[in-house]
Amino acid sequence: MKDHKPPINGGRRGGALTIMAAIYSDLKDKTVIVTGGAGGIGEGIVRAFHAQGARVGFLDIDVERGRRLQAELGQTALFVACDLTDIPALKAAVIEIRTAFGPIDILVNNAAHDERHATLDVTEDYWDGRMAVNLKHQFFAAQAVLPDMQATGKGAIVNLGSTSWIIGQGGMPAYTACKSAVIGLTRSLARDFGPFGVRVNAVAPGWIMTERQLELWVTPETEKEIYANQCLKRRLVPDDIAKMVVFMCSDEAGAITNQHYVVDGGWT
């Protein structure tokens, strides 16, 4: 299977990420917030919007990686260290980005944590923690930016889900419960805020080969299973998701809302 393994970051040239994608002129100078933006899929999304000429604020608990990414991208990127399970801190981070870059035009709720856990070992506190890190912050981030979008009569929110619950993956019931709930949240927000010109959609990644996945979960045996299930016999990388998210937030997708898009190489 070695012939089907491109670089996990979509390609690097001279040590910097190279994003080869369409340019959507309407995204230039838009204010974007990406949660969990310091690494993995989130980093890919931050880089993709930055390449479009957008002003990108991104939140993450990983201070070192966040500061390093901001330093690389420059003045049109702003990293705010934030534990998204702390809702007052999340709201304060949104205010900081708004103060720096102006009203929020686009929100990408990317942050999540796919920690494995056995059903019989889950305590009430652990369950609540999984809800906080995988679902609760999506609602409150949306709540924090929606007034900006209502005021301008336009905006886009993309909530990141997962195919884990679609394929019936075991070993992390709280996570899969949260990710299935993302669809309900998306459809409710799309219905309520569509009259204000706000579009809300969900994107469900398949098994994306981030550094975390490769370090923790992907073995040669697992990778054989991935290729057996995917129609496309290659690694899916963060840029595959980033390109979809950027398109969904552009005017090219201006009539699309209340939808759930799967990017999984044809697994489901």
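**Group meeting talk: cores and aromatic pairs**

Of the 268 residues in this protein chain, 49% count as buried. One caution before we go on: this is a predicted model.

Let's take the overall build. The chain has 8 helices and 9 strands. Its C-alpha trace spans about 50 × 50 × 35 Å along the principal axes. What about the radius of gyration? It is 18 Å, and a compact globule with 268 residues would have a value near 18 Å, so the two agree. Now contacts. Take those with a separation of 6 or more: residues 24 or more positions apart account for 70% of them. And the surface? The accessible area is about 12200 Å², and carbon and sulfur atoms make up 54% of that.

Next, the inside. Which residues touch the most other members of the largest nonpolar core? Phe49 and Val245 do, in a core of 32 residues. Several elements each supply at least two residues of this core. The strands are β3 (31–35), β4 (55–60), β5 (77–81), β6 (106–109) and β7 (155–160). The helices are α1 (40–51), α2 (63–73) and α8 (238–249). Helix α8 gives the most, with 7 residues.

Stay with Val245. Leave out residues up to four places away in sequence, and Val245 touches Ile45, Phe49, Val108, Val158, Leu160 and Val203. So much for that core. Apart from it lies another one, of 28 residues. Among its members are Val80, Cys82, Ile104 and Ala111.

Now the aromatic rings. How many aromatic pairs does a search of the whole structure find? It finds 4. I'll show two of them.

Start with Phe139 and Phe140. Their ring centres are 5.0 Å apart. Why is the pair edge-to-face? Because the planes stand at 90 degrees, and the cut-off for edge-to-face is over 60. How covered are these two residues? Phe139 has 34% relative accessibility, so it counts as partly exposed. Phe140 has 22%, and is also partly exposed. Buried would need under 20%.

Then Phe193 and Phe196. This pair is tilted. The distance is 6.1 Å centre to centre, with 40 degrees between the planes. Is each partner buried or partly exposed? Phe193, at 17% relative accessibility, counts as buried. Phe196, at 36%, is partly exposed.

To recap: a core of 32 residues with α8 as top contributor, another core of 28, and 4 aromatic pairs. That's my tour.

Definitions and conventions. Residues numbered from 1 in each chain as written. Predicted model: local features only at pLDDT ≥ 70, side-chain atom pairs only at ≥ 80, totals over all residues. Heavy atoms only, no water. Core = buried A, V, L, I, M, F, W, Y, C linked by side-chain atoms within 4.5 Å. Buried < 20%, exposed > 50% of the residue type's maximum accessible area, 1.4 Å probe, protein only. Helix = DSSP H or I, 4+ residues; strand = E, 2+ residues; numbered from the N terminus. Contact = heavy atoms within 4.5 Å. Phe/Tyr/Trp six-rings, centres within 6.5 Å; stacked < 30°, edge-to-face > 60°. Rg over C-alpha atoms; globule rule 2.2 N^0.38 Å. Areas by Shrake-Rupley, 256 points an atom, 1.4 Å probe, with all protein chains shown as cover.
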